[in-house]
Amino acid sequence: MKKLYFFLPFLLLACKSNIATVSEKASQSDKPVEITYKVEQSDVSDFLKYLSSDELEGRETGTKGIEKAAVFLEDFLKKNNVKPYFATYRDTLTNFKTPAYNIVGVIEGTDPELKKEFVVLSAHYDHIGLLKNKQADVINNGANDDASGVTAVAQMAKYFIETKSNKRSILVVFFAGEEKGLLGSKSLVQKLKKQDFNLYAQLNIEMIGVPMKRDYLAYITGFDKSNMAEKINEYTGKKTIGFLPKEAEYELFYRSDNYSFYDVFKKPCQSISTFDFENFDFYHHPSDEFKVMDIPHMTSFIQEFLPAVTQIASSKTQEITMK
């Protein structure tokens with residue numbers, strides 16, 4: 001998470017593969033989308049454990065640690081047959097002093113017309129690296145921030161590759177430079193704009209490693225800016241998304257990589273999170289480690305979102321709109 005200044009000291013900024021089934025009635029948005037694919041808890045655990053490991057030294061943009069993370073993400077996309085969007089998976093940042101890369105893949109839509117539209121699934125894979133002062137643990141592992149979000153996006157990408165259930169094309173993006181001021185998303189969005197990129201919507205995943213004690217699974221930033229929350233709940237048939245007052249109070253919509261896309265495209269671009277300022281004490285702290293992540297919760301989170309991302313990627317019309 002990019003630091004949120006002027007407020008609290010730590011804030012959020014910023015599977016066995018089965019075939020997915022989508023009922024005809026669900027495609028008309030009157031019933032939840034039915035999914036039979038199961039997200040494997042071991043896949044979630046293994047992915048997150050490496051991405052937040054000490055070996056990556058906190059994944060600060062421009063370091064050897066984030067380079068290892070980039071290779072890991074490239075290998076994951078290649079292994080799962082997600083094609084690179086550019087000539088390679090690496091998208092070089094235009095606004096950082098040393099070589100740094102977003103990792104960008106694409107899953108082509110199955111519909112001849114709808115595949116011209118894109119849904120962006122994204123999360124930032126950078127974190128804040130090593131502490132300068134000497135203490136027992138100097139590695140800011142960033143398990144929740146935001147290796148958890150990257151894990152969710154990776155598993156969603158795997159789902160779409162295996163089920164071919166997306167009529168629209170999906171851009172899979174792992175951003176660098178978020179902690180430096182949303183640099184990765186700011187750089188990429190300018191390139192996409194020049195290509196006349198046809199964006200439908202963006203779902204950015206931020207800090208979903210621990211559950212909230214609320215009557216909904218997650219909250220969305222910029223709740224009132226679009227009907228995305230309403231449509232996600234319609235697609236899942238549950239109260240998946242709720243309104244978090246602190247999100248509005250601290251204007252979190254402007255604090256993560258979704259804002260870079262909204263600022264340029266003026267389309268529904270929002271972040272999903274379960275960090276509610278009460279359930280996690282280790283924001284930008286060395287104790288943000290794999291061992292404090294709730295893997296069953298993360299697995300359930302991804303599973304519950306599959307009907308929503310499926311319908312977003314496949315509805316016959318653009319059902320998600322700005323208000």
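What is the handedness of the crossing of H2 and H4? The crossing is right-handed, and the views below place it in the setting of a predicted model.

**Figure 1. Helix H2 crosses helix H4 in the predicted model.** The axes of H2 and helix H4 (residues 143-163) come within 9 Å, with a crossing angle of roughly 135°. The angle makes H2 oblique to H4. From H2, the residues Asp43, Val44, Phe47, Leu48 and Leu51 take part in the contact. Their counterparts in H4 are Ala143, Ala147, Ser148, Val150, Thr151, Ala154, Gln155 and Lys158. By class, the contact of H2 with H4 consists of 8 nonpolar, 3 polar and 2 charged residues. In general, residues three or four places apart in an α-helix point the same way, because the helix has 3.6 residues a turn.

**Figure 2. Helix H2 also meets helix H9.** Helix H2 (residues 41-51) and helix H9 (residues 295-312) have axes that come within 9 Å and cross at roughly 115°. With this angle, H2 is roughly perpendicular to H9. The crossing of H2 and H9 is right-handed. On the H2 side, the contact is made by Gln41, Val44, Ser45 and Leu48. On the H9 side, Ile295, Pro296, Met298, Thr299 and Ile302 contribute. The contact of H2 with H9 comprises 6 nonpolar residues, 3 polar residues and no charged residues. Val44 and Leu48 of H2 appear in the contact with H9, and Val44 and Leu48 also appear in the contact with H4.

**Figure 3. Strand E5 is buried on both faces.** In strand E5 (169-175), 7 of the 7 residues are buried, so E5 is largely enclosed by the rest of the structure. One side carries Ser169, Leu171, Val173 and Phe175, and the other carries Ile170, Val172 and Phe174. As a general rule, side chains in a regular strand alternate between the two faces of the sheet. E5 pairs with E4 in the parallel sense over 7 bridges, and with strand E3 (residues 101-107) in the antiparallel sense over 5 bridges. Ile170 of E5 is the bridge partner of Val119 and also stands opposite Ile107. Leu171 of E5 stands opposite Val120 and is likewise the bridge partner of Val106.

**Figure 4. Strand E4 is enclosed alongside its pairing with E5.** For strand E4 (118-124), 7 of the 7 residues are buried, so the strand is largely enclosed by the rest of the structure. Phe118, Val120, Ser122 and His124 point one way from E4. Val119, Leu121 and Ala123 point the other way, and these too are buried.

**Figure 5. Strand E3 pairs with strands E1, E2 and E5.** Of the 7 residues of E3, 6 are buried, and the strand is mostly covered. Strand E1 (residues 83-84) and E3 run antiparallel and are joined by 2 bridges. Lys83 has Val106 in E3 as its bridge partner, while Val106 also has Leu171 in E5 as a bridge partner. Strand E2 (residues 90-92) pairs with E3 in the antiparallel sense over 3 bridges. In this pairing, the bridge partner of Thr92 is Tyr101 of E3.

**Figure 6. Helix H8 is mostly covered.** In helix H8 (residues 258-265), 6 of the 8 residues are buried. These buried residues are Asn258, Ser260, Phe261, Tyr262, Val264 and Phe265. The elements covering them include strands E4 and E5, helix H5 (183-194), strand E6 (199-205) and strand E9 (269-273). Just after H8, Lys266 takes a positive phi of about 55°.

**Figure 7. Helix H6 is largely enclosed.** In helix H6 (residues 228-236), 7 of the 9 residues are buried, so the helix is largely enclosed by the rest of the structure. The buried residues are Met228, Ala229, Lys231, Ile232, Asn233, Tyr235 and Thr236. Among the elements that cover them are E6, strand E7 (218-220), strand E8 (241-242), E9 and H9. Gly237, just after H6, takes a positive phi of about 75°.

Terms used. Residues numbered from 1 in each chain as written. Predicted model: local features only at pLDDT ≥ 70, side-chain atom pairs only at ≥ 80, totals over all residues. Heavy atoms only, no water. Axes fitted to C-alpha atoms, helices over the stretch in contact; angles between N-to-C directions. Helix = DSSP H or I, 4+ residues; strand = E, 2+ residues; numbered from the N terminus. Parallel < 35°, antiparallel > 145°, perpendicular 65-115°, else oblique. Left-handed = near helix turned anticlockwise from the far one by under 90°. Contact = heavy atoms within 4.5 Å. Nonpolar A, V, L, I, M, F, W, Y, C, P; charged D, E, K, R; others polar. Buried < 20%, exposed > 50% of the residue type's maximum accessible area, 1.4 Å probe, protein only. Pairing = 2+ DSSP bridges.
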